[in-house]
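Visitor: I am new to this structure and should like to learn how its features are read. Might we take them one at a time?

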Amino acid sequence: MVTVDVQLHQDRAERDLPQPRLVIGGKDVTDAGGGVHEHRNPATGLVQAHIPLAGAAEVDRAVAAARQAFEVWGTMRPAERRLLLTRFAGLIRDRIPDFAAICPLENGVCVGGWAENVGPHVAEWTEYYAGWADKIEGIVGAAYSPHENVEYTLAEPYGVIGHIITWNSPALSLAMKVPPSLAAGNTVVIKPAESTPFSALLFADLAREAGIPDGVINVVTGLGDAGAALVRHPGVDKISFTGGPATARRIMADAALSLKPVVFELGGKSANLLFADTDLDTVVPYCAAFAMSNTGQGCALPTRLLVERPVYDEVVARVTGVVAHLPVGDPLDPTTYIGPLIDANARDRVQQVIDRAAEAGAGRLVYGGEPIDSDGYFVTPTVFADVDNRSDLAQREVFGPVLAITPFDTEDEAVALANDTEYGLSAYLQSRDIARVNRLVPRLKAGTVYVNPGPNPITSPATPFGGVGISGFGREGGKAGLDEFIHVKGVGTARV
């Protein structure tokens, strides 16, 4: 039984959550055409807010506000955009505790782990892209000479970007998408999930306080119909979406009607290759705990652990010991590592995945598996060993605290197992043999490969992040993430 202080959660919700609303053209909208969503606290199951939802009319107003604001923001001197974005980043840094306070109430993120890192990452991404705002350049063609025509390029913003952000880490999703869009000169309409609007509201409030003009950032929380209205809107020039492949396919079909470009950061089933030459004392705790961070609700988490045969039994035993000691409970308790899932549907779905895998013999259940008796949306962290790489447990994203472990004998087998999935977001490699690392990194089918334990690299703003296969296309982070929101215009001039 997980014990949660219900009154503490209610008191914190009343104190720490921003007022539910939409933000359109700098104005707060509380009466919207899409109905009302009852926001339930993931740790208690109790309603703690009523969220107004955007309908097509609110999406249309938000796009109109963004288009009007683009006439100001898109033509502003880049140095002025940089100053405003730098001021915005400073305000985010001043309010880091507020982002941390929102997380456990919004989607059950543990305050002592993931939540405390959210604000610093949002500030860091905003600072990084603020610095790019006045460094966007065109080029002069190599054919230029004093006796010929001059050919050059202009790097221009698209106009209005529609951002459909994820619920599992909404503040980080915002930071990976919105600052590069703004640095490039675009304006944005953000559609958060109905269950996680609060981080986006704080984000928009701080942008307004920083002096970013009204209408540059608009927030229209809504259901799928609001997202579809945003994708189909003729006033939206590009869509950036983080979520699952099934929703991405619907978005792509809608965007295809007007041949609207899209950026997709989708799911993953990331393999983590652990070789016998590694330092198990350091690597095993990292591999076990990282797979369970944010209660397993992360697209790039290393949820498949592939272990070289000579150390396989020892690693399975060590992983089980680590997971068994990860505290499960109230996300407001700073000692908790694993909190609730986002909602009752997620809890039931993950428990069904565990039950089906155990019944089908997809792997050997070595830890967890049993339901948790709680009013919140908790699932026992679970570890399967000897997992069949063809099973759903190895092939489908669980998005819960479930780790699948599989042995291998050779490098070729490890790479084959790692690549034998439709996904291709991230891969992980644990080895002290630099020659092996250099051999295997090019062979792994993934948008990013992370080598050996260290600070979480997924959220580095300087590192391009994105996938291949059904993990999507396009990149967030680095100059590649900025370039997603720029189109290049070629110019040829004749000498006169």
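Guide: Certainly. Let us begin with the largest pocket of this predicted model. The residues of its lining divide into 24 nonpolar, 16 polar and 10 charged.

Visitor: How is such a space found, and about how much space lies in the largest pocket?

Guide: Rolling a probe the size of a water molecule over the atoms shows where empty space is left. Here, the largest pocket holds about 1,300 Å³ of space. Its lining is made up of 50 residues, and T166, W167, T242, G243 and G244 are those nearest the centre.

Visitor: Which element gives the most to the lining of the largest pocket?

Guide: That element is α9, with six residues. At least two lining residues each come from α6 (170–183), α8 (224–232), β9 (238–242), α9 (245–256) and α12 (344–360).

Visitor: Which residues of α8 are buried?

Guide: The buried residues of α8 are A226, G227, A228, A229, L230 and V231. Among the elements that cover them are α2 (56–73), β6 (160–164), β7 (187–191), β9 and α9.

Visitor: Let us turn to aromatic rings. How is a pair of them described, and how many aromatic pairs does the structure hold?

Guide: A pair of aromatic rings is described by the distance of the centres and the angle of the planes. The structure holds 10 aromatic pairs. In one of them, the ring centres of W125 and Y129 are 6.2 Å apart and the planes stand at 35°, so the pair is tilted.

Visitor: Where in the chain do W125 and Y129 lie?

Guide: An α-helix has 3.6 residues a turn, so residues three or four places apart point the same way. Both W125 and Y129 belong to helix α5 (residues 114–130), where four residues, about one turn of the helix, separate them. W125 is buried, with a relative accessible area of 0%, and Y129 is likewise buried, with a value of 0%.

Visitor: How is the aromatic pair of Y428 and Y450 arranged?

Guide: The pair of Y428 and Y450 is tilted, with 5.3 Å from centre to centre and 35° between the planes. This pair links distant parts of the chain, for Y428 is in strand β16 (residues 426–430) and Y450 is in strand β17, 22 residues apart. Y428 counts as buried because its relative accessibility is 0%, under the cut-off of 20%. Y450 counts as buried as well, at 7% relative accessibility. Together with Y286 and F290, Y428 and Y450 form one aromatic cluster.

Visitor: Is T126, which lies in helix α5, buried or exposed?

Guide: T126 counts as buried, at 1% relative accessibility. Leaving aside neighbours within four places in sequence, T126 is in contact with L85, F88, A89, I92 and P179.

Visitor: What may be said of H9, in helix α1 (residues 6–16)?

Guide: H9 counts as buried, with a relative accessibility of 1%. Beyond its neighbours within four places in sequence, H9 has contacts that include V4, N41, A43, T44, Q48 and L105, as well as D330, P331 and L332.

Visitor: Where is N452 found, and which residues is it in contact with?

Guide: N452 is found in the loop between β17 (448–451) and β18 (472–473). With a relative accessible area of 27%, N452 is partly exposed. Apart from neighbours within four places in sequence, N452 is in contact with Y286, L429, Q430 and S431. A polar atom of the N452 side chain lies 3.0 Å from the backbone nitrogen of S431. N452 and L273, 179 residues apart in sequence, are 9.8 Å apart in space, C-alpha to C-alpha.

Visitor: Finally, how should one read the backbone angle phi, and what is its value in L259?

Guide: Most residues other than glycine have a negative phi, and most peptide bonds are trans. L259 is not a glycine, yet has a positive phi of about 55°. L259 is placed in the loop between α9 and β10 (262–265), and at 74% relative accessibility it counts as exposed.

Visitor: What is phi in F399, and where is the place of F399?

Guide: F399, a residue other than glycine, has a positive phi near 60°. The place of F399 is in the loop between α13 (392–395) and β15 (402–408). At 15% relative accessibility, F399 counts as buried, whereas L259 counts as exposed.

Terms used: Residues are numbered from 1 along each chain as its sequence is written. This is a predicted model: local features need pLDDT of at least 70, side-chain atom pairs count only at pLDDT 80 or more; totals for chains, interfaces and linings use all residues. Side-chain values use heavy atoms; hydrogens and water are left out. Buried means under 20% relative accessible area, exposed over 50%, partly exposed in between (1.4 Å probe, protein chains only). Contact means heavy atoms within 4.5 Å. A polar contact is a pair of N or O atoms within 3.5 Å; within protein, one must be able to donate a hydrogen and the other to accept it, and residues adjacent in sequence count only if both atoms are side-chain atoms. On a 1 Å grid over the protein atoms alone, a cavity is a set of points where a 1.4 Å probe fits but cannot get out, and a pocket is an open set with protein on both sides within 12 Å along at least five of seven lines; lining residues have an atom within 4 Å of a point. Grid points are joined across faces, edges and corners, and a volume is the space filled by probe spheres set on the points. Ala, Val, Leu, Ile, Met, Phe, Trp, Tyr, Cys and Pro count as nonpolar, Asp, Glu, Lys and Arg as charged, and the others, Gly among them, as polar. Rings of Phe, Tyr and Trp (its six-membered ring) pair if their centres lie within 6.5 Å; planes under 30 degrees apart count as stacked, over 60 as edge-to-face and the rest as tilted.
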